[in-house]
Amino acid sequence: MHTSTFKRPVTSEVGIGLRKPHYRALSENNPDIQFLEVHSENYFGFGPEVDLLQAIGKQYPISLHGVGLSLGSAEGIQSAHLESLKRLVDLINPLFVSDHASWSLTGNAHLNDLLPLPYNEESLKVICDNVAQTQDFLGRQILLENPSTYMAFKDDMPEYEFMLQVAEKTKCKILLDVNNIYVNSKNYNFDPYNYIKQFTANIIGEIHLAGHSVNNIDGQEIRIDTHDNLVVSDVWDLYKFTMQTLGIIPTLIEWDQNIPELEVLLGETKKAARIQTESLQKYAA
Ligand SMILES: [Fe+2]
């Protein structure tokens, strides 16, 4: 039987990224979604926007999604960053706290990107130490997201194996980004369905869906995880397979550039909700 993540009884578990142009419509119209997600670092100024977030947090559970912890950094986690995150977590009491299996920090330089890790024993130890330190400091479990990458390392273990090992060793959960799996599968030529099959429902805390772009560089097709468009039909198919394999998992529509009208985002959540309901019926049959 499906056990909901949410306190209220719900038939689907879908959410959207909270973006400024939608604040008013969300708080006035109270659409049928179950959670909102924000980038944690956007609130580290601890100004009035945190008050706004707390206010909307009374309507919807908030998920704090990070892009700056640099969990793969061999230099460890920056204590100032961790302290800001803890302060925000204490203020918001979020549904989830998540970040990526990537790095973005070296010395004093904070690179504005989620850079790829080699997937080997050495990097596994680094990220496990950093995830464990983060969870200890926050006093709660975090979710680790599989990234989209544009460079792979020789002799790596498969990414799913790396993610599974981090989850097993640190007891974190995984934020499975289905679009990232699809983008990587096209760029590196692997089977995305086989990737999904490696996971069990109990270690996946959340799912991301997003749009991406298709580029042609020197005659080679490269897909880039741009979060600026509708989810493509191949990713919806993969999502449907994920729901049928793992059951209903809270699913967020990410859209970070060229932000559309709220109705467009809600249209995507309705699609995800319909797939969840159909998957649940298949489970019950
Ligand atoms: Fe994502």
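Throughout these views, contact means heavy atoms within 4.5 Å. The model is predicted, so local features need pLDDT of at least 70 and side-chain atom pairs count only at pLDDT 80 or more, while totals for chains, interfaces and linings use all residues. Residues are numbered from 1 along each chain as its sequence is written, and side-chain values use heavy atoms, with hydrogens and water left out.

**View 1. S73 and S40, two buried loop serines.** S73 sits in the loop between strand 3 (62-65) and helix 3; helices (H or I, at least four residues) and strands (E, at least two) are DSSP runs, numbered from the N terminus. Leaving aside residues up to four places away in sequence, S73 touches W103, L105, V126 and N130. With 3% relative accessibility, S73 counts as buried; the term means under 20% relative accessible area, with exposed over 50% and partly exposed in between (1.4 Å probe, protein chains only). S40 belongs to the loop between strand 2 (35-39) and helix 2 (48-56), and its relative accessible area is 2%. Setting aside residues up to four places away in sequence, the contacts of S40 are L64, H65, G66, L85 and L88.

**View 2. Helix 4, from its cap to the glycine that follows.** The 18 residues of helix 4 (residues 121-138) should span 26 Å at 1.5 Å a residue, and the end C-alpha atoms are indeed 26 Å apart. That expected span is 1.5 Å times one less than the number of residues. At the N-terminal end N120 acts as a cap, with a side-chain oxygen 3.1 Å from the backbone nitrogen of E122. Such a polar contact is a pair of N or O atoms within 3.5 Å; within protein, one must be able to donate a hydrogen and the other to accept it, and residues adjacent in sequence count only if both atoms are side-chain atoms. Buried residues of helix 4 include S123, V126, N130 and T134, and among the elements covering them are helix 3 (79-92) and helix 5 (159-170). Just past the helix, G139 adopts a positive phi of about 70°.

**View 3. I127 in the largest nonpolar core.** A nonpolar core is a set of buried Ala, Val, Leu, Ile, Met, Phe, Trp, Tyr and Cys residues joined through side-chain atoms within 4.5 Å. The largest one here has 71 residues, and I127 is among those with the most contacts inside it, as are L36 and F199. Another core, of six residues, lies apart from it and includes F6, F35, F96 and L252. Not counting residues up to four places away in sequence, I127 touches L71, G72, A101, L117, L144, F162 and V166.

**View 4. The iron ion and its donors.** E145 (OE), D177 (OD), H208 (ND1) and E254 (OE) coordinate the iron ion at 2.1 to 2.4 Å. Donors are N, O and S atoms within 2.8 Å of the metal (3.2 Å for Na, K and Ca); water is not among the atoms, so sites may look incomplete. Along the sequence the donor residues follow the spacing E-x31-D-x30-H-x45-E. H208 in strand 9 (residues 204-210) and E254 in strand 12 (residues 251-254) link distant parts of the chain, 46 residues apart. H208 is buried at 0% relative accessibility, and E254 is buried too, with a relative accessible area of 5%.

**View 5. Helix 6, mostly covered.** Eight of the eleven residues of helix 6 (residues 178-188) are buried, including V178, I181 and Y182. At its start, a side-chain oxygen of D177 comes to within 3.0 Å of the backbone nitrogen of N179. Just after helix 6, N189 has a positive phi of about 60°.
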